[in-house]
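Biologist: Hey, have you got a minute to walk me through this one? I'd like to start with the cysteines.

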Amino acid sequence: MTSPAPAARHPHAPRGRDIHEAGRTATPLELLFDLTFVVGVALAAAQLHHAEGAHHVLAALPGYLLAFFAIWWAWMNYTWLSSAYDTDDAVWRVLTLMQMTGVLIFATGVPGLFEGRTQLAVVGYAAMRLPLCVQWLRAARGDAARRATCLRYAGGVAAVQALWIANDAASGWLPAGLAWPAIGVLVLLELAVPVWAETRGPPTPWHAHHIAERYSGFVIMILGESILGATNAVSNLVQAHGLTAELALVGLGGALLAFCLWWMYFLLPSGAALHAHRERSFGWGYGHYITFAALAAVGSGLEVVADAMKPDGGASALAAVGAVAVPQAIYVASIWALHRHATRGPDRQLALLALVLAGIGLGPLAVARGLPLPWGLLLLSLGPVVMIVAQERRRARQPAHGGAPGT
């Protein structure tokens with residue numbers, strides 16, 4: 001790990017970090033911060049899993065998307081702030097720990113979001129957002145060149161949190177039909193704050209390779225949560241009914257799919273692309289909401305597959321494989337779009353994307369025609385394997401370019 005930037009020696013005046021700082025990596029505090037968010041991801045995915053098993057996925061989908069937005073947005077805002085202004089002094093650590101406490105409160109309230117009970121989630125959300133305002137105020141004091149930008153962040157975040165609290169307090173007398181439109185407006189306001197803050201003054205000095213590493217780490221953590229959930233589900237079946245060839249295939253299919261999804265994400269040369277084209281950061285950063293949410297949904301789908309293997313039955317085989325295939329296809333399309341946006345990769349890669357999506361579609365199609373569910377799950381890895389092989393062979397032929405080719 002590199003020595004801290006000069007800003008770290010002035011805890012009361014955190015200046016912007018060097019965007020060219022060599023060897024910039026995630027700090028232990030950032031990694032601990034991420035772990036608290038994985039708790040929220042796991043609870044949101046668990047609620048989606050229960051809804052899929054009960055055939056209520058459409059009714060639960062708004063709650064899942066809202067819960068995941070809150071988790072992702074709070075994580076993302078802190079990640080970009082810390083990339084630009086992390087001093088790692090005592091005040092920074094305390095404020096970060098306060099946000100982590102808010103994450104745990106919010107995670108406790110996640111099940112309520114799926115049932116229309118929002119108070120605890122709103123309290124947790126405000127608790128993990130408001131300390132961020134103090135961090136932005138500290139940055140404004142230490143970075144005179146970007147003082148106005150930092151103050152816009154602090155004021156914008158605080159104002160939107162006040163609106164979330166007011167909306168929750170008014171939920172008892174607002175017409176039922178206005179609840180989701182009001183939430184939609186608040187989400188748009190949240191998304192607008194960084195755009196407003198960054199485009200009306202000098203942008204914050206975030207570090208491209210550090211940001212890419214932080215996003216990559218979050219992908220790994222979501223995959224880890226997905227693997228854990230699916231493994232626990234299969235393990236429970238093995239303990240109850242013994243190991244069978246079908247369960248072994250389900251375990252193999254789930255692991256192979258997770259490995260493929262990991263490999264596909266890391267085909268993206270995100271750090272180099274963001275460093276060369278910082279103006280593309282908004283599309284890249286915001287677009288990861290779809291990537292992260294879809295990846296977590298793949299994990300809940302793998303648990304649905306395990307449930308379908310129970311002797312007393314769960315979801316139908318077709319519904320179970322579809323619970324994996326649909327978010328998997330969204331995930332694959334999203335990382336292709338992220339790469340296309342960041343690197344302006346060649347349009348010919350669209351044909352490869354179509355081939356991969358067609359390969360994913362073979363799984364549900366084959367199961368609908370009578371193929372056993374474990375084999376249908378294995379088929380879901382066919383398209384990703386084709387993409388990985390094609391891209392790795394292409395990269396091997398072009399070693400001088402240094403980055404992965406377009407997905």
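Biologist: Is Cys133 buried or exposed?

Modeller: Keep in mind that this is a predicted model. In it, Cys133 counts as buried, because its relative accessibility is 8% and the cut-off for buried is under 20%.

Biologist: And what about Cys260, buried or exposed?

Modeller: Cys260 counts as buried, with a relative accessibility of 5%.

Biologist: How many disulfides are there in the whole structure?

Modeller: Zero turn up when the whole structure is searched. Cys133 is in no disulfide, and the nearest cysteine sulfur belongs to Cys150, 12 Å away.

Biologist: OK, new topic: pockets. What volume does the largest pocket have?

Modeller: The largest pocket comes to about 530 Å³. It is lined by 26 residues, and the closest to its centre are Leu66, Leu113, Gly116, Thr118 and Ile183.

Biologist: Which elements give two or more residues to that lining?

Modeller: Those are α2 (57-85), α3 (90-113), α4, α5 (147-169) and α6 (179-199). α2 gives the most to the lining of the largest pocket, namely seven residues.

Biologist: How many of the residues lining the largest pocket are nonpolar, polar and charged?

Modeller: The lining of the largest pocket has 20 nonpolar residues, five polar and one charged.

Biologist: And the second largest pocket, what's its volume?

Modeller: About 430 Å³ for the second largest pocket. Its lining is made of 22 residues, with Glu52, Val57, Leu61, Val326 and Pro327 nearest the centre. The elements giving two or more residues to the lining of this second largest pocket are α1 (28-53), α2, α10 (281-308) and α11 (317-343).

Biologist: Which element gives the most there?

Modeller: α11 gives the most to the lining of the second largest pocket, with seven residues. By class, that lining has 19 nonpolar, two polar and one charged.

Biologist: What about closed-off spaces? How many cavities of 30 Å³ or more are there?

Modeller: The count is two cavities of 30 Å³ or more. The largest cavity holds about 40 Å³ of space. Its lining includes Leu223, Ser226, Gly254 and Leu302. The elements that give two or more residues to the lining of the largest cavity are α7 (208-241), α8 (245-265) and α10.

Biologist: And how does the lining of the largest cavity divide into nonpolar, polar and charged?

Modeller: Seven residues of the largest cavity's lining are nonpolar, three are polar and none is charged.

Biologist: Cool. Can we jump to Gly124? Where does Gly124 lie?

Modeller: Gly124 is in helix α4, which covers residues 119-142. It counts as buried because its relative accessibility is 0%.

Biologist: Which residues is Gly124 in contact with, leaving aside neighbours within four places in sequence?

Modeller: With those neighbours left aside, Gly124 is in contact with Gly102, Ile105 and Phe106. Gly124 and Thr101 are 23 residues apart in sequence, and their C-alpha atoms are 8.0 Å apart in space.

Biologist: Now for the aromatics. How many aromatic pairs are there?

Modeller: There are 27 aromatic pairs. One of them is Tyr125 with Trp164, an edge-to-face pair at 5.8 Å centre to centre and 75° between the planes. Tyr125 sits in helix α4 and Trp164 in helix α5, so this pair ties together parts that are 39 residues apart in sequence.

Biologist: Are Tyr125 and Trp164 buried or exposed?

Modeller: Tyr125 is buried, and Trp164 is buried too. Another edge-to-face pair is Tyr265 and Phe266, at 5.3 Å centre to centre with 80° between the planes. Tyr265 is buried, with a relative accessible area of 2%, whereas Phe266 is partly exposed at 31%.

Biologist: Which residues do ring pairs link into a cluster?

Modeller: Tyr64, Phe68, Phe69, Trp72, Trp73, Phe282, Tyr286 and Tyr289 are linked into a cluster by ring pairs.

Biologist: Last one, backbone angles. What phi does His55 have?

Modeller: His55 has a positive phi of about 60°, although it is not a glycine. His55 lies in the loop between α1 and α2, and it is exposed, with a relative accessible area of 54%.

Biologist: And Asp88, where is that found?

Modeller: Asp88 is in the loop between α2 and α3. Asp88 has a positive phi of about 55° and is not a glycine. With a relative accessibility of 33%, Asp88 counts as partly exposed.

Notes: Residues numbered from 1 in each chain as written. Predicted model: local features only at pLDDT ≥ 70, side-chain atom pairs only at ≥ 80, totals over all residues. Heavy atoms only, no water. Helix = DSSP H or I, 4+ residues; strand = E, 2+ residues; numbered from the N terminus. Buried < 20%, exposed > 50% of the residue type's maximum accessible area, 1.4 Å probe, protein only. Contact = heavy atoms within 4.5 Å. Disulfide = S-S within 2.5 Å. 1 Å grid on protein atoms, 1.4 Å probe; cavity = no way out; pocket = protein on both sides within 12 Å on 5 of 7 lines; lining within 4 Å. Points joined across faces, edges and corners; volume = space filled by probe spheres on them. Nonpolar A, V, L, I, M, F, W, Y, C, P; charged D, E, K, R; others polar. Phe/Tyr/Trp six-rings, centres within 6.5 Å; stacked < 30°, edge-to-face > 60°.
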